[in-house]
Every structure is written in C-alpha cells, then in structure tokens.
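Reader: I am new to this structure. Please walk me through it, and tell me how each label is earned.

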Amino acid sequence: MSAETATGSTTGGLGKMLAKAAFWSAANTALLRLGQLAISIVIARLVAPDEFGVFVVALTVYQIVISFSEFGVSTALVREIDNADRIGPTVATIAIVSSSALAVLMFLSAPWISSALGAPAAADAVRVLAIPLLLAGPTAVPAALMARDFQQGRKMITDVSSFVVANGLLLILAINGGGVMALAWSRVAGQVASAVLIFIVSTKNYRPGFDKREAKRLLRFGMPLAGANIAGFTLANVDFMVIGRLAGATQLGYYNLAFTVSSWPPNVFTVILYSVTLPALARVKGGITEITRHVSAALSALCAASFPVTTACVVLAHPLVTLVYGDRWAPAATILGVLAIFGSIRVIISLFSDVLVALEKTNRLFHLQLVWLAVLTPVMILGVMWGDGIGAGVAQVAVSLLVVTPIYLVVLVRSAGLPLEPLVRPVVLPLLAAIASGVAAHFAAETVDSALAKLVVGLLALLAVYLLVLGRWLLRLVKELKALYGRQPLSEADTQVIALSELKKEEELL
C-alpha cells in the first residue's frame, strides 16, 4: 500500500479510490444477483423440487463449515495493515491446515450428517462440496488482501468468471439429467475457476510459514469471530435444517425457492449498507446526534426501497411463482407470501447490526445472534410441525418481528445511546404506503385472468399508489441523502471498516 492509501485522511485520493471500489463492488453484486436469478429460473424448470431440497441440505452443511474454515484469522490482515508482512505467513498456514482438516472431516462424516438432517441422499453431494472447502484455505489470504486494498475490479473478474464456469457446467449437466450432482459439481467448478483467477490477478500473497507467538495471538483474535460466524450461519440455516429433518426434501425445495425470491430485497439493498452506510458511520462515530441522523436516513431509504418489493411478493406471489418458475412450483407461492415480510425485516436488522459494528459493539451483536438462534430453533420446530414450509415462514416473521427487532432497539438505545424515535419513525410512512399499494394491487390483479396480466396490472397499480402516497416524502429523502453522502476524504479507520464490510459481503454471497 502506498503512503497515501495508508494515511489518506488528508487528501482526496483515498476518497476517489473508495468511490471506485464501491462502484465495482455494487456492479459486481448486481451482475451476479441478476445472473443468479436468471439461472435459477432456468434450473427450476430442469430440476425437480425434491432434488433441489436434497442439494439444499448439502449446501447448508458446506456453508456452515466454510464459515469457520480459517478460524477467522484472515480478517487480521485487514485490521492490521502495518503488520501484514509479519503475520501473513502464519495466517496462510492456519487457513490451509484448518480448511483441509475440516474438508476431510466433512467428507468422512457426510453419510451421518446427511441422515441427521433427514436427507440421506445428500451424502454424495456433501462429499463433492468438501472439494471447494479444500480451496478455501489457499485462497483466504489473497482474497483478504484484495478486499483490504479495494481491488474490486479484480475481484469482479474472479467472481464473474467463476459464475460463468459454474453455471455453464450446471446447465449442461442439468439438461442431461444430472439432478443433485449437477448442482454440486457446478459449485466445485466455479470454486476452482475462482481460485485459479485469484492467484493470477492478486498482486500479493504470502507463502505458508509459522510463528508460534503470532499464531496464538491470531487465534485469540479469530476464534471469537469464527464463533460469531458459526452462530450467524447456523441462524441463517436453522430453517433449512429443521424443514429437511421434519418435512422432507420436497417441502425443503419449495421453501428454498420461496426464500430465494424473498431474499431479493435484502440481497440488493444491503449493498447500500456495505458501500455507504458503514464508512459513513465510521466517520461520525464520535457524535450520537450525527450518527442518529445517518441511521435514520439509511433506515428511511432501505424501507422505502424494500417495502414495495416485499408488498409485490406478498400480494402477487402466485402469479409471480407460476409465471417465472412454472406450475410445479406453485406450492412455494404461499410460503413466499409469508417469507417476503421476513425479507424486509432482515433489511432493517442488517442495518441495526452494521450500526453496532460501526460503534464497536460486536460483543453485543454476537450475544444478539445467540439469543435469536436460541429463540428461533424451538419456534421453528413447532412451526414446521404445524405447517411445513408455511409454518417455518411464520416462525421467521414472528421471532424476528416480536423478539429480535425489539431487542435490537433496546440495545441501540441503552448500550449505544441512540434515541428511539428516529429508529422507529422512518418505518411508519413507507409501511402505510406499502399497505395501501398492496390493497390496490390485489384488487387490480383480480380484474384480469392470466398470470402475466395479474402480475403486470398488479405491479402498475402498486407502483402508482405507492408513489402517490409517498412521493413528496421520497423527494425530501433524496435531498437529505445527497447532503449526507457526498464524496469526502476518508481516514485509515474508514478503510478498515469498508474492507471488513467487503469480507462480510463475501460471506453473504456464499
């Protein structure tokens, strides 16, 4: 890193570099999300719901294991910019050894894990997914360095290439009846392509080495972070595990599709948080009044953008699913109607989580995740026993709305010192506009017969009413956002926050 990069608080060069990084990051995420959407539509017409469910079990195992595959030590390369040369070799060794050991364990225990999750047929797919886990170790260091140095253009090359290779193979195998294994082997192909390109385009890497003193220090830093990752990924996958165990692969396939569609708002709009909100909060974290202003504006923007998407998914779920994915996926529509509500709640919770990170309240965040997991697990079991995938969706909404969100608000008010009213007020008007536009969309869709007509007419009615109710409020919000998020030179602390957010986003993209 140049001196200007490392100390960029006094010049505008770093601000320009961060703006460029944010652009490439947002472009990368948007391109991959749109591509994944297109591929999922095609694959849904080639792979049966029960085969999707079996693969989801295998993918759940992979995601949980890879969340702590390098024990969180690679994040130290982002936080300790000046010490990277000293700790880099030890980080590389820990990452390679730990991911290799976990890959072997995952391969050997695949039959037992798959049976425990209610899908013995997933064992072969679990074994195949142990292969990309092997590659996670060698690529952990160069990937962390690319995130630290804001090389999002290079990262985009690796991600897009991986996407093309993986989904090209997936289409070929799925067309020829590959089913579950087509999904598994395509993930391997994409990871191999990504690993090769990471080594080619990365400007720096470290050979494995070992310093016992540094290793102890790195593990003291990384293990709590790995624990938080495990808790977070287990929380994100507890519904899939419970449904697979209690309701079977077919119900899991329906639920997975509904969850994927309901995730469009959080997946798209949290890019704003990673690219803008976190560094902005890092810059003003010394004053509660200014932090409150930023949080309130960000919350307003996220609610205004995500609520109409959620409303469309709730009201127009059936024509959306049957038109896009086909009639055999129709049972997923009702699940989608419930999970869409959870999608918008996730957007709000994601913002609150990032506020705690920016205010260095990560211990509170970890405890909140543990509470969420502890409450959700029994409620999820009861929900699935009551109503399969629909019950799982109801459990998600109930726990996140009635338990998790209030606890976040209490922590933000009592621990972080933020006032309550600016954390609640921005939700009210977009919510009322969403309800009004949803009613209009429902009655408009009922005036036509075909799925395509219902979707088009319903969306037009929804958009018209939403803008009519919220128009002036949106104009005021746009002016406020322009005033808040102009280009400004950022400090070294900001660079660490943004780089850490890039690592967080990579975990989300898994």
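Author: Start with G222, and bear in mind that this model is predicted. G222 has a relative accessible area of 0%, and it counts as buried.

Reader: Why is G222 called buried?

Author: Buried means under 20% relative accessible area. G222 comes to 0%, so the label holds. G222 sits in helix 10.

Reader: What is G222 in contact with, leaving aside its neighbours within four places in sequence?

Author: F71, G72 and V73. The cut-off for a contact is heavy atoms within 4.5 Å. G222 and F71 are 151 residues apart along the chain, yet their C-alpha atoms are separated by 5.6 Å.

Reader: Where does F233 lie, and how do you know whether it is buried or exposed?

Author: F233 also belongs to helix 10. Its relative accessibility is 12%, under the 20% limit, so F233 is buried. From F233 to Q369 the C-alpha distance is 9.9 Å, with their positions 136 residues apart in sequence.

Reader: What does the protein as a whole come to in helices and strands?

Author: It has 19 helices and zero strands. Of its 510 residues, 55% count as buried. Among contacts with a separation of 6 or more, 83% join residues 24 or more positions apart.

Reader: How many aromatic pairs are there?

Author: The count is six. One of them joins F52 and W329.

Reader: What makes the pair of F52 and W329 edge-to-face or stacked?

Author: Two values decide. The ring centres are 5.5 Å apart, and a pair needs centres within 6.5 Å, so F52 and W329 pair. Their planes stand at 75 degrees, and over 60 counts as edge-to-face, so that is the label.

Reader: Why is the pair of F52 and W329 said to tie parts together?

Author: Because F52 lies in helix 3, residues 49–66, while W329 lies in the loop between helix 14 and helix 15. These parts are 277 residues apart in sequence. Both F52 and W329 are buried. F52 and W329 also form one aromatic cluster with Y254.

Reader: What kind of aromatic pair do F240 and F259 form?

Author: An edge-to-face pair. The centres lie 5.4 Å apart, and the planes are at 70 degrees. The cut-offs are within 6.5 Å for a pair and over 60 degrees for edge-to-face. F240 is in helix 10 and F259 in helix 11, 19 residues apart.

Reader: How do you know whether F240 and F259 are buried or exposed?

Author: Set each value against 20%. F240 has 7% relative accessibility, so it is buried. F259 has 13%, so it is buried too.

Reader: Why is N256 called buried, and what does it contact?

Author: N256 has a relative accessible area of 16%, under 20%, so buried is the right word. N256 is in helix 11, residues 249–262. Leaving aside neighbours within four places in sequence, N256 is in contact with F52, V56 and F240.

Reader: Why is D388 called partly exposed?

Author: Partly exposed runs between 20% and 50%. D388 has 32%, so it falls there. D388 lies in helix 16, residues 362–414. Its phi is near 50 degrees, a positive value in a residue other than glycine.

Reader: What makes helix 14 mostly covered?

Author: Seven of its nine residues are buried. Among them are A317, P319 and Y325. Just after helix 14, G326 takes a positive phi of about 110 degrees.

Reader: How do the axes of helix 17 and helix 18 cross?

Author: The axes come within 8 Å and cross at roughly 150 degrees. That makes helix 17 roughly antiparallel to helix 18, because the label applies over 145 degrees. The crossing of helix 17 and helix 18 is right-handed.

Reader: Which residues meet where helix 17 and helix 18 are in contact?

Author: Helix 17 brings residues including P426, L429 and A433. Helix 18 brings residues including V457, L462 and W473. The residues of this contact divide into 18 nonpolar, two polar and one charged.

Technical notes
Residues are numbered from 1 along each chain as its sequence is written. This is a predicted model: local features need pLDDT of at least 70, side-chain atom pairs count only at pLDDT 80 or more; totals for chains, interfaces and linings use all residues. Side-chain values use heavy atoms; hydrogens and water are left out. Helices (H or I, at least four residues) and strands (E, at least two) are DSSP runs, numbered from the N terminus. Buried means under 20% relative accessible area, exposed over 50%, partly exposed in between (1.4 Å probe, protein chains only). Axes are lines fitted to C-alpha atoms, for helices over the stretch in contact, and angles run from 0 to 180 degrees between N-to-C directions. Angles under 35 degrees count as roughly parallel, over 145 as roughly antiparallel, 65 to 115 as roughly perpendicular and the rest as oblique. A crossing is left-handed if the near helix is turned anticlockwise from the far one by less than a right angle, and right-handed if clockwise. Ala, Val, Leu, Ile, Met, Phe, Trp, Tyr, Cys and Pro count as nonpolar, Asp, Glu, Lys and Arg as charged, and the others, Gly among them, as polar. Rings of Phe, Tyr and Trp (its six-membered ring) pair if their centres lie within 6.5 Å; planes under 30 degrees apart count as stacked, over 60 as edge-to-face and the rest as tilted.
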